[in-house]
Amino acid sequence: MLPTGRVFDTVRVSAAIVHAAAQSGDSGAVGAYLARVLDGPVIHDAYDTSVWYYALVPPGSCAHHRAPDATLLGPDPTWLGVPAVHRTARPGVYWLLPPRHRADHCAPAGVDEVIHHGRHRITEWGPGPGGPDLDTIERGCRDLLDGSADHAHDLAAATESTLRARGYLMLLLPVLEDAEARIPSDAPARSRVLLAVTDAKRQLDLATREANPTRQYAHVRRLVDCCHGCVKLLRELDAQAPAR
């Protein structure tokens with residue numbers, strides 16, 4: 001266990017973002033992509049329920065990453081489980097890209113690029129501060145369900161669909177949390193938003209590793225249902241908002 005904020009900070013990035021940016025979930029392809037873009041050490045934790053990549057960056061950099069799908073661990077110390085340098089493969093937490101020397105770091109601009117491209121490939125952001133494009137997310141969710149019958153026995157396709165559905169929900173969650181913060185405590189809609197936030201976090205915390213593609217697709221359907229509910233609620237809130 002090593003503390004962040006001293007020799008390094010860490011940006012924790014969801015597998016949904018990284019795999020979308022690399023356009024692959026294969027560890028070899030992902031490693032080659034991150035080596036080219038980040039040029040620094042990366043830890044892969046595929047056994048955590050949320051499945052994360054950890055990019056080690058210079059202390060004090062990347063403070064702008066504060067979203068659920070990509071967040072900075074530091075400068076306030078966070079104790080990070082760091083594998084031994086020789087651990088470069090599963091099982092367990094391992095170095096996808098091991099450090100080459102003590103002061104080795106990922107390029108902050110490269111981290112920004114991975115996160116930007118990953119989010120863009122999952123869905124298109126709407127203009128300005130309004131958040132993600134709800135129509136695009138809704139279409140993407142429909143596409144995931146429409147394709148499920150074609151890949152009923154394809155575990156790789158089921159896993160990829162899970163990552164995409166999680167990516168959509170990760171984009172919706174901060175918008176819901178922002179709505180929760182703005183709604184008065186006595187407003188009737190507040191309880192619905194609180195329930196939606198709780199359900200979204202619960203779905204994101206559920207394990208995604210499943211050897212049975214049918215069960216994996218059942219998880220996709222739960223994620224998609226949650227996304228549809230969040231989209232419907234956000235549209236209702238937008239319709240009720242006073243004109244500016």
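Contacts in this predicted model mostly span long stretches of sequence: among those between residues at least 6 apart, 75% join residues at least 24 apart. The protein is built from seven helices and eight strands. Of its 244 residues, 46% are buried.

The sheet is a good place to start. Six strands make up an open sheet, running in the order β5-β6-β2-β4-β3-β8 with antiparallel pairing. At the edges sit β5 (66-67) and β8 (94-97), each of which pairs on one side only. Further in, strand β2 (residues 9-14) runs antiparallel to strand β4 (residues 52-57), and six bridges hold the two together. Within this part of the sheet, V13 stands opposite Y53 of β4.

Y53 turns up again in the surroundings of a histidine, H44, which has its place in strand β3. H44 counts as buried because its relative accessibility is 3%, against a cut-off of under 20%. Its side chain makes a polar contact of 3.4 Å with the side chain of Y53. Another polar contact, this one of 2.8 Å, links the side chains of H44 and Y94. Leaving aside residues up to four places away in sequence, H44 touches V51, W52, Y53, R90, V93, Y94 and L96. Both tyrosines that share polar contacts with H44 are thus on that list of neighbours.

Two helices lie across the sheet strands. Helix α1 (residues 15-22) lies across β2 and β4, and runs at about 75 degrees to β2. Helix α2, for its part, lies across β3 (42-45), β4 and β8, running at about 60 degrees to β8. β4 therefore has both helices lying across it. Helix α1 is largely enclosed by the rest of the structure, because eight of its eight residues are buried. The buried set runs through A15, A16, I17, V18, H19, A20, A21 and A22. What do these buried residues of α1 pack against? Their partners are β2, α2, β4, α3 and α5 (155-182), a mix of strands and helices. Just after α1 comes Q23, with a positive phi near 55 degrees.

Now to the packing of helix on helix. Two packed helices are described by the angle between their axes and by the distance between those axes. For helix α2 (residues 27-37) and helix α3 (residues 108-122), the axes come within 9 Å and cross at roughly 135 degrees. The two helices are therefore oblique to each other; an angle would have to be over 145 degrees to count as roughly antiparallel. On the α2 side, the residues in this contact are Y33, L34 and V37, and they meet G110, E113 and V114 of α3. Sorted by class, the contact has four nonpolar residues, one polar and one charged.

A second histidine, H219, belongs to helix α7 (residues 213-240). Is H219 buried or exposed? With a relative accessibility of 2%, H219 counts as buried. H219 and Q203 are 16 residues apart in sequence, and their C-alpha atoms are 8.7 Å apart in space.

Terms used
Residues are numbered from 1 along each chain as its sequence is written. This is a predicted model: local features need pLDDT of at least 70, side-chain atom pairs count only at pLDDT 80 or more; totals for chains, interfaces and linings use all residues. Side-chain values use heavy atoms; hydrogens and water are left out. Axes are lines fitted to C-alpha atoms, for helices over the stretch in contact, and angles run from 0 to 180 degrees between N-to-C directions. Helices (H or I, at least four residues) and strands (E, at least two) are DSSP runs, numbered from the N terminus. Angles under 35 degrees count as roughly parallel, over 145 as roughly antiparallel, 65 to 115 as roughly perpendicular and the rest as oblique. Contact means heavy atoms within 4.5 Å. Ala, Val, Leu, Ile, Met, Phe, Trp, Tyr, Cys and Pro count as nonpolar, Asp, Glu, Lys and Arg as charged, and the others, Gly among them, as polar. Two strands pair if DSSP finds at least two bridges between them. Buried means under 20% relative accessible area, exposed over 50%, partly exposed in between (1.4 Å probe, protein chains only). A polar contact is a pair of N or O atoms within 3.5 Å; within protein, one must be able to donate a hydrogen and the other to accept it, and residues adjacent in sequence count only if both atoms are side-chain atoms.
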